[in-house]
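Visitor: Please take a close look at a single part of this structure, the pairs formed by its aromatic rings, and then go on from there to the empty spaces in the model.

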Amino acid sequence: MDLATFWFILIAVLWSGYFVLEGFDFGVGILLPFLGRDDTERRVLVNTIGPVWDGNEVWLLTAGGATFAAFPLWYASMFSGFYLALLLILAALIVRGVCFEFRSKVDSPRWRASWDRAIFAGSALPALLWGVAFANIVPGVPLNAHHVYTGNLLTLLNWYGLLGGLVTLSLFTLHGAIFLGLRTTGELRQRAKKAATRTALAAVPLAAIFLAVTQVSHGKPATDVTAALAAVALIGAAAAALRGREGWAFTGTALTLVLAVATLFGDLWPNVFPSSTSAAYSLTVNNASSAHYTLVVMSWVAVIFTPVVLAYQGWSYWVFRQRLSRSDIGPQQTPPVTGPDTMEPVGGRS
Amino acid sequence: MGRQPWTVFGLLTTAQSVSAGVTASSVIISLTVFTLLYAGLAAIAGWLTVRHVKEGAPVEAEQPGAPEPLPVFQY
């Protein structure tokens, strides 16, 4: 396997990690106004992703950075071509990020309600647009002989692109609902479970239609297998959610997202950014990649640092693995009730 | 400004390094969006900072042995 192929696979891995991790925190943001009946509940919901959402987002930065360094032509064409779409995503991610920080800084229901609406919008918009982006990349976008995008923002909003957007939106919401079933207690947990089964009613048919259409037009034998496995994992996740097997349900939606990304990248191969104008204008793994020496240096950096990053991110999830309940949320700006139990986030609560 | 007209001195001019396919109107839109967004965030952050300073230090923090709030529940 040459290094360009290695980096193509690594970028697919980074997108999988991004969708699996940020997928559930988008879902929590989308469900925030529907599941949280009062402010304490909404704070429980935000705090389930509080320590991890920003780490999850780093997977996107790494995917973008890896594309920039390993496939500069792909990066240039895609980021220039999707300029306004990426601006929308970036603005949504900026707003969403400050919402988490600002919402509890002023003790006023109106102040918090405004930031909560922004958390919803800032989570729903990127969740939709990532699907739109990938559902345009796989069939190809209009690129001229210089690999320059000749469409506009509306070119991306075709029916297949929008279907892809609805798939990521519903899948991330389902993934988030199942995550909340794992991380909350009592009534909130029951509501999260109900939300998961309801969201599954939309996510399962949408994803099945999208995968079928994708495989009919762009499929190959190998990706037919991953697409079928993605569908099986999703149906399994929905069944597990219905039976209250939260751990299995979360494993199922995580696997669905990994297999869906594998399917889309497999369908792309050997292209990275195909042209719908002419196949000759497509960017491929070979004509878009960096020089060999760059890829060698990058590969060493990735081999050394990826395990370190995975280890500390895994550790942060382990530290914050406890379920959260209303009693964990004390009054703002003052220390919580004294006691060894509240001092230790991994302590004996269950 | 002082390095104009070069982006990479002696090798690449600013005119040469402009992205192909990105229109001037797109750049105006993004510049406007980012300027307004960050101006708004700066105003809110400034207001919160002033408010926080005026509130003064919390009394609880002065008690020896009082537990620190857990970072996990800060939101």
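Guide: In this predicted model, A:Phe34 has a relative accessibility of 55% and therefore counts as exposed, the cut-off for that class being over 50%. A:Phe120, at 28% relative accessibility, counts as partly exposed. The ring centres of A:Phe34 and A:Phe120 lie 5.9 Å apart and the ring planes stand at 80°, so the pair is edge-to-face, a class that calls for an angle over 60 degrees. With A:Phe34 in helix H1 (residues 3–35) and A:Phe120 in helix H6, both of chain A, the pair links parts of the chain that are 86 residues apart.

A second pair can be set beside it. A:Phe179 and A:Phe250 have ring centres 6.1 Å apart and planes at 45°, so this pair is tilted. A:Phe179 belongs to helix H7 of chain A and A:Phe250 to helix H10 of chain A, so the contact ties together parts that are 71 residues apart in sequence. A:Phe179 counts as buried at 5% relative accessibility, and A:Phe250, with a relative accessible area of 19%, is buried as well because the limit is under 20%.

Over all chains the structure holds 31 aromatic pairs. One aromatic cluster is formed by ten named residues, among them A:Phe8, A:Trp15, A:Tyr18, A:Trp130, A:Phe172 and A:Trp269. An aromatic ring also meets a charge at A:Trp318, where the charged end of A:Arg321 sits over the ring, 3.8 Å from its centre.

From the rings we can turn to the empty spaces. The structure holds three cavities of 30 Å³ or more, and the largest of them has a volume of about 180 Å³. Its lining comprises 18 residues, and those nearest the centre are A:Val167, A:Thr168, A:Phe210, A:Ala260 and A:Leu264. Helices H6 (109–137), H7 (159–183), H8 (186–218) and H10 (246–268) of chain A are the elements that give two or more residues to this lining, and H10(A) gives the most, with five residues. By class, the lining of the largest cavity divides into 14 nonpolar and four polar residues, with no charged residue.

The second largest cavity has a volume of about 60 Å³, and H7, H8 and H10 of chain A each supply at least two residues of its lining. That lining includes A:Ala177, A:Ile178, A:Lys193, A:Glu246 and A:Ala249, and it divides into six nonpolar, two polar and two charged residues.

Among the pockets, the second largest has a volume of about 740 Å³. It is lined by 36 residues, of which A:Leu60, A:Phe79, A:Leu86, A:Ile89 and A:Trp130 lie nearest its centre. Two or more residues of this lining come from each of helices H3 (53–70), H4 (72–81), H5 (83–102) and H6 of chain A, together with helix H2 (24–55) of chain B. The lining of this pocket has 30 nonpolar, four polar and two charged residues, and A:Trp130, named above for the pocket centre, is also a member of the aromatic cluster.

Chain B, which enters that lining through its helix H2, has two helices and two strands, and these follow the pattern β-β-α-α along the sequence. Of the 75 residues in chain B, 16% are buried, while its accessible surface comes to about 5,600 Å², with 69% belonging to carbon and sulfur atoms.

Methods: Residues numbered from 1 in each chain as written. Chains lettered and ligands numbered in written order. Predicted model: local features only at pLDDT ≥ 70, side-chain atom pairs only at ≥ 80, totals over all residues. Heavy atoms only, no water. 1 Å grid on protein atoms, 1.4 Å probe; cavity = no way out; pocket = protein on both sides within 12 Å on 5 of 7 lines; lining within 4 Å. Points joined across faces, edges and corners; volume = space filled by probe spheres on them. Helix = DSSP H or I, 4+ residues; strand = E, 2+ residues; numbered from the N terminus. Nonpolar A, V, L, I, M, F, W, Y, C, P; charged D, E, K, R; others polar. Buried < 20%, exposed > 50% of the residue type's maximum accessible area, 1.4 Å probe, protein only. Areas by Shrake-Rupley, 256 points an atom, 1.4 Å probe, with all protein chains shown as cover. Phe/Tyr/Trp six-rings, centres within 6.5 Å; stacked < 30°, edge-to-face > 60°. Lys NZ or Arg CZ within 6 Å of the ring centre and 35° of its normal.
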